[in-house]
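This briefing goes through one protein structure by topic, for a reader who wants to set each statement against the coordinates. The notes follow the structure itself.

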Amino acid sequence: MRRPRTPRSSGRTEFTHLVPASGDLADLVDAVAAMRSRPITLMPVELAGDAPSGLWIATQAQDYIAYPANADAPWRSGIVCHELAHMLLEHAPRPGTAELTALTALTAHAAPSIDPAVAARFLQRHGYGDAAEVDAERLGTTLAAALGAAHRSAHGDRDRVFDRMT
């Protein structure tokens with residue numbers, strides 16, 4: 001049985017208007033930050049092998065998106081777009097023991113000025129077992145694809161494999 005589509009979970013294209021014509025990831029992050037009236041800081045960090053590939057940390061003042069420092073541009077874009085999708089879809093936080101451990105380690109290593117106790121909300125990209133993760137992955141993939149298409153258009157790049165898929 002299909003789950004009913006709601007405004008908060010249907011959003012495959014409702015946010016694509018935020019994708020900048022430049023195709024630049026930083027410009028997309030700025031657009032989401034402006035829409036939410038909250039700064040978003042991207043943080044490349046060294047993550048352990050068992051750590052999530054991306055992490056959204058929401059403090060009272062701003063949001064942070066952590067991603068592996070060794071992520072190439074497409075991987076980084078996919079991770080960041082997934083975490084932005086959680087924000088855009090207004091997903092509720094679901095902290096658990098493993099997530100709190102990862103958050104504490106992350107903030108101690110990469111952002112010592114962020115007190116883990118102040119990080120009121122965070123979501124991780126680590127598996128897609130529930131509806132929120134599936135919805136975020138769908139929207140994140142849509143945003144990343146739109147961003148890639150805009151980048152190719154803005155810079156005259158062609159991707160024959162992508163062209164055949166669309």
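The largest pocket of this predicted model has a volume of about 380 Å³. Of the 15 residues that line the largest pocket, those closest to its centre are Ala73, Pro74, Ser77, Ala144 and Gly148. Helix α5 gives the most to this lining, with six residues, and α3 and α5 each supply at least two.

**Overall fold**

- The protein comprises six helices and four strands, and these follow the pattern α-α-β-β-β-α-α-β-α-α when read along the sequence.
- Of the 166 residues in the protein, 41% are buried.
- When contacts between residues at least 6 apart in sequence are considered, 66% of them join residues at least 24 apart.

**Helix α2 and its buried face**

- Helix α2 runs over residues 25-36, and its twelve residues reach 17 Å from the first C-alpha to the last, which is close to the 16 Å expected at 1.5 Å a residue.
- The buried residues of α2 are Leu25, Leu28, Val29, Val32 and Ala33; seen down the helix axis, these buried residues fall within an arc of 135°, so they line one face of α2.
- The general geometry of an α-helix is relevant to such a pattern, because with 3.6 residues a turn, residues three or four places apart point the same way.
- On the other side of α2, by contrast, Asp30 and Ala34 are exposed.
- The elements that cover the buried residues of α2 include strand β1 (40-45) together with the helices α3 (73-88) and α5 (131-155).

**The two ends of α2**

- At the N-terminal end, α2 is capped by Asp24, a side-chain oxygen of which lies 3.1 Å from the backbone nitrogen of Ala26.
- Just after α2, the backbone at Ser37 takes a positive phi of about 55°.

**His86 in helix α3**

- Is His86, a residue of helix α3, buried or exposed? His86 counts as buried because its relative accessibility is 1%, where the cut-off for a buried residue is under 20%.
- The side chain of His86 is joined to the side chain of Glu133 by a polar contact of 3.0 Å.

**Points to carry forward**

- Helix α3 appears under several topics, since α3 is among the elements covering the buried residues of α2, holds His86 and supplies at least two residues to the lining of the largest pocket.
- Helix α5 likewise helps to cover the buried residues of α2 and gives the most residues to the lining of that pocket.

Terms used
Residues numbered from 1 in each chain as written. Predicted model: local features only at pLDDT ≥ 70, side-chain atom pairs only at ≥ 80, totals over all residues. Heavy atoms only, no water. Expected span 1.5 Å × (residues − 1). Buried < 20%, exposed > 50% of the residue type's maximum accessible area, 1.4 Å probe, protein only. Arc of directions from axis to C-beta. Contact = heavy atoms within 4.5 Å. Polar contact = N/O pair within 3.5 Å; in protein donor to acceptor, adjacent residues only side chain to side chain. 1 Å grid on protein atoms, 1.4 Å probe; cavity = no way out; pocket = protein on both sides within 12 Å on 5 of 7 lines; lining within 4 Å. Points joined across faces, edges and corners; volume = space filled by probe spheres on them.
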